[in-house]
Structures are given as C-alpha cells and as structure tokens.
Amino acid sequence: MSKRTIIYRNVAARMALLGIKKTELAKLLDMNYSTLQGKLRGRSSFSLEEAIEIKDILCSGAALEDFFARTEADCPPLPNQERIYASSKPTA
C-alpha cells in the first residue's frame with residue numbers, strides 16, 4: 001500500500017461531495033491533521049467515538065460499518081483467511 005492511499009474511500013468520497021477538507025475535519029474532531037491522515041491511511045485506527053463523530057459530521061445515512069468499509073484491494077486477507085477461502089472454493 002502506498003503512503004498516499006486512503007483506505008476509507010466512502011469517508012473520502014463524502015468529504016469531497018460536501019467540500020470538506022481534511023484540515024477542516026481534523027479541526028472539527030479536535031484532532032491533529034497528521035493524526036487524521038494516519039487514520040485515513042490505515043496506519044492507526046479510529047476509535048468508535050471518532051467514527052461515529054465523523055459519520056455525524058459528514059451527515060452520512062450509511063451504516064457505520066458500510067461507511068468505514070475497506071476495499072478488498074486495500075485489505076488483503078490474513079494468512080489464515082487465505083487457507084479458508086482456498087479450501088472452500090470448488091475444484092474443477
């Protein structure tokens with residue numbers, strides 16, 4: 001994953017739609033800009049309270065787990081998940 005990858009695409013998309021910059025969101029959350037950047041890039045996690053506050057600020061009607069969903073490309077399966085998925089696929 002590159003250093004510039006935003007893994008919470010729904011959050012980024014909603015921010016773009018509303019014209020809210022990351023600097024503004026960081027201020028509204030009373031969070032350092034670099035902390036927000038790190039969380040949006042997956043270097044650290046949002047707390048439940050932060051996630052709910054972001055969802056409220058961005059007025060999203062989506063379920064919290066959908067709003068903060070990561071794409072498969074951004075989150076490769078864990079090693080044990082690869083084995084599970086491989087064993088459940090039908091063989092030809």
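**Exercise 1. Work out how the contacts of the protein chain are spread along the sequence.**

Step 1. Start with contacts, meaning heavy atoms within 4.5 Å. Among those in the protein chain between residues at least 6 apart in sequence, 52% join residues at least 24 apart.

Step 2. Keep in mind what you are looking at: this is a predicted model, in which local features need pLDDT of at least 70 and side-chain atom pairs count only at pLDDT 80 or more, while totals for chains, interfaces and linings use all residues. Residues are numbered from 1 along each chain as its sequence is written, and side-chain values use heavy atoms, with hydrogens and water left out.

Step 3. Now list the elements. The protein chain has six helices and zero strands, where helices (H or I, at least four residues) and strands (E, at least two) are DSSP runs numbered from the N terminus.

Step 4. Finish with burial and surface. Of the 92 residues, 29% count as buried; buried means under 20% relative accessible area, exposed over 50%, and partly exposed in between (1.4 Å probe, protein chains only). The protein chain exposes about 6,500 Å², and carbon and sulfur atoms supply 54% of it. These areas come from the Shrake-Rupley method with a 1.4 Å probe; for residues, only the protein chains shown count as cover.

**Exercise 2. Find where confidence is lowest and where it is highest in the protein chain.**

Step 1. Use pLDDT, the predictor's confidence in each residue, from 0 to 100. Its mean over the protein chain is 79, and 72% of the residues reach 70 or more.

Step 2. Go through the helices. Helix α2 (residues 22–28) has the highest confidence, at 96, and α6 the lowest, at a mean of 47.

Step 3. Look closer at the weak stretch. Residues 81–88 have a pLDDT below 50, and beyond near neighbours in sequence this stretch has two contacts in the model.

**Exercise 3. Decide which residues of helix α4 are buried and which are exposed.**

Step 1. Find the buried side. In α4 (residues 48–57), the buried residues are Glu50, Ala51, Ile54 and Lys55. They sit on the same side of α4, because they cover an arc of only 135° around the axis; the arc is that of the directions from the helix axis to the C-beta atoms.

Step 2. Recall the helix geometry. An α-helix has 3.6 residues a turn, so residues three or four places apart point the same way.

Step 3. Turn to the other face. Leu48, Glu49 and Asp56 are exposed on the face of α4 turned away from its buried side.

Step 4. Name the partners. The buried residues of α4 pack against α1 (9–18), α3 (33–40) and α5 (64–67).

Step 5. Check what comes next. Cys59 follows α4 and has a positive phi, near 50°.

**Exercise 4. Place Ile54 in the largest nonpolar core.**

Step 1. Ile54 belongs to helix α4. Its relative accessible area is 0%, so Ile54 is buried.

Step 2. Collect its contacts. Leaving aside neighbours within four places in sequence, Ile54 is in contact with Val11, Leu29, Phe46, Phe67 and Phe68.

Step 3. Widen the view. A nonpolar core is a set of buried Ala, Val, Leu, Ile, Met, Phe, Trp, Tyr and Cys residues joined through side-chain atoms within 4.5 Å. The largest one has 18 residues, of which Val11, Leu36, Ile54 and Phe68 touch the most other members. At least two residues of this core come from each of α1, α2, α3 and α4.

**Exercise 5. Describe the aromatic pairs around Phe68.**

Step 1. Rings of Phe, Tyr and Trp (its six-membered ring) pair if their centres lie within 6.5 Å; planes under 30 degrees apart count as stacked, over 60 as edge-to-face and the rest as tilted. The structure holds four such pairs.

Step 2. Tyr8 and Phe68 are edge-to-face, 5.5 Å centre to centre with 70° between the planes. Tyr8 lies in the segment before α1 and Phe68 in the loop between α5 and α6 (79–88), so this pair ties together parts that are 60 residues apart in sequence.

Step 3. Phe46 and Phe68 have ring centres 5.6 Å apart and planes at 65°, so this pair is edge-to-face as well. Phe46 lies in the loop between α3 and α4, so its pair with Phe68 ties together parts 22 residues apart in sequence.

Step 4. Put the rings together. Tyr8, Phe46, Phe67 and Phe68 form one aromatic cluster.
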